[in-house]
Amino acid sequence: MIQTIHLKKRPIGAPTQDNFELTESENDLTLKDGEVLLETKYISVDPYLRGRMSDAKSYVPPFEVGQPLNSGIIAEVIESKNENFKKGDFVRDRLDWKTVQVSDGENLQKVDPDKAPLSAYLGILGMTGLTAYLGLHEIGKPKKGETLIVSGAAGAVGSVVGQIGKILGLTVIGIAGSDEKVELLKSEFGFDRGINYKTTDDMKASIKEAAPNGVDIYFDNVGGEISDAVLFSINKFARTINCGAISVYNNTETPTGVSVQPFLIKNSALMQGFIVSNYSDKFPEAMEQLSKWLGEGKLTYRETIVEGFENTPQAFLDMMDGKKKGKMIVKV
Ligand SMILES: NC(=O)c1ccc[n+]([C@@H]2O[C@H](COP(=O)([O-])OP(=O)(O)OC[C@H]3O[C@@H](n4cnc5c(N)ncnc54)[C@H](OP(=O)(O)O)[C@@H]3O)[C@@H](O)[C@H]2O)c1
């Protein structure tokens, strides 16, 4: 039996279970030459999937209603008619939310379970790690002694950004959605200070207090009001990496906020949108550095692992709601 999760209908506002549908079908798959049969092991649930559930132009095409969703998946090759892959290999690709599926092998990347746990290839050794490393380096251009502030700091990308900031000798401040997460930033990821955006009654003042010398780099994972507040603390030549805007992904109206131009002009500051796939030529060097730091114990990571293929939609909804720490992953 093969299980598949489809997009049942597009969400308006926050997604719910009603947007997904699980179906079952007979496993009558057969392979042609060059194909491999894959069994899904781990599924990555990511904020960008929310954008793909809507029918709006973006940097990745929208999901089709009635069709399976897809995302980063680690799968095991269970049968192969492709000379590059053998039974028992583990591979990574953007694959459908199915328990079993056929691939032509074209985009499959082998991953080594002896070098790192398989789930890590969806997080710190996958898109998450690359996003953190390349966003911070390519746009943030960090210099020792500077102050970095990170929103979505206890999440998959944010927790890695902060740790890299510390390795590079920056003062690092994180913004997250609970006291427990703020504590985790300091105790596990080495951040200097943290702000709970849900309990502070004056975000601008909290940022000024946490960053008395101002902000040189802002790694923005959330957009919206939090990011508006950071503008009031940016320094001359500050750099903002617009990596994500999860706080407005469910908005049905175009969000409004402070007018950014005066802040950028008076501080000669930069704000730049970041999409990790634009930097694919730098993936090998970024991955080499991330693996090295991980091996040396300079980087660590947190995962929240949800068991069961059928729980993938709920894992996605919980990730969007912040009901997890670090990278949210489904184990099938
Ligand atoms: N541009 C790229 O190439 C690229 C690549 C990967 C990821 N991203 C973006 O980077 C961001 C982080 O991705 P991720 O995979 O690391 O996800 P994540 O941070 O692990 O999970 C999302 C987190 O966002 C926070 N959040 C939800 N609603 C919020 C709100 N209204 N205000 C503030 N925070 C809110 C929640 O944590 P709290 O408990 O702290 O609220 C939640 O845990 C996302 O915006 C994503 O779209 C961009």
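Throughout this tour, a residue is called buried when its relative accessible area is under 20%, exposed when it is over 50%, and partly exposed in between, all with a 1.4 Å probe and with protein chains only. The model on screen is predicted, and local features are described only where pLDDT is at least 70, with side-chain atom pairs counted only at pLDDT 80 or more, although totals for chains, interfaces and linings use all residues. Residues are numbered from 1 along each chain as its sequence is written, and side-chain values rest on heavy atoms, with hydrogens and water left out.

**Stop 1: helix 6**

Begin by selecting residues 224-231, which form helix 6, where helices (H or I, at least four residues) and strands (E, at least two) are DSSP runs numbered from the N terminus. This helix is mostly covered, with 6 of its 8 residues buried. If you colour the buried positions, the selection should hold Ile 226, Ser 227, Asp 228, Ala 229, Val 230 and Leu 231.

**Stop 2: the ligand and its shell**

Next, select the ligand together with the residues near it, meaning those with a heavy atom within 4 Å of it. There are 27 residues around the ligand, and those that come nearest are Val 157, Lys 181, Tyr 197, Phe 274 and Lys 324. Colouring this shell by class gives 17 nonpolar, 8 polar and 2 charged residues; here Ala, Val, Leu, Ile, Met, Phe, Trp, Tyr, Cys and Pro count as nonpolar, Asp, Glu, Lys and Arg as charged, and the others, Gly among them, as polar.

Which helices should be shown alongside the ligand, each supplying at least two residues of the shell? Helix 2 (127-140), helix 3 (156-167) and helix 9 (312-320) do so. At the level of domains, whose bounds come from an automatic or database domain assignment, at least three shell residues are drawn from each of domain 1 (2-122 + 302-331) and domain 2 (127-277).

Now display the polar contacts of the ligand, a polar contact being a pair of N or O atoms within 3.5 Å (within protein, one must be able to donate a hydrogen and the other to accept it, and residues adjacent in sequence count only if both atoms are side-chain atoms). From Tyr 197, a polar side-chain atom lies 2.5 Å from an oxygen atom of the ligand, while an N or O atom in the side chain of Tyr 249 is 2.8 Å from a ligand oxygen. Phe 274 takes part through its backbone, with an N or O atom 2.7 Å from a nitrogen atom of the ligand. Taken alone, the ligand exposes 910 Å², of which the protein buries 91%, with accessible areas computed by the Shrake-Rupley method.

**Stop 3: two residues with positive phi**

Select Lys 141, in the loop between helix 2 and strand 8 (147-151), where phi is positive at about 40° although the residue is not a glycine. Then move to Ser 268, in the loop between helix 7 (261-266) and strand 13 (270-273); this residue, also other than glycine, has a positive phi near 45°. Is Ser 268 buried or partly exposed? Ser 268 counts as partly exposed, because its relative accessibility is 40%.

**Stop 4: Gln 101 and Asp 96**

Show the side chain of Gln 101, which sits in strand 6 (residues 100-103) and is buried, with a relative accessible area of 7%. This side chain reaches the backbone oxygen of Asp 96 at 3.0 Å. Asp 96 belongs to strand 5 (residues 90-96) and, at 25% relative accessibility, counts as partly exposed.

**Stop 5: pairs separated along the chain**

For the last selections, draw distances between C-alpha atoms. Gly 34, in the loop between strand 2 (20-25) and strand 3 (36-44), is partly exposed at 28%, and its C-alpha atom is 4.1 Å from that of Asn 82, which is 48 residues away along the chain. Pro 15 lies in the loop between strand 1 (2-7) and strand 2 and is buried at 11%; its C-alpha atom and that of Leu 317 are 302 residues apart along the chain but separated by 7.1 Å. Leu 134, in helix 2, is buried at 0% relative accessibility, and 7.0 Å separates its C-alpha atom from that of Ala 286, 152 residues apart along the chain.

Conventions:
Areas by Shrake-Rupley, 256 points an atom, 1.4 Å probe, with all protein chains shown as cover.
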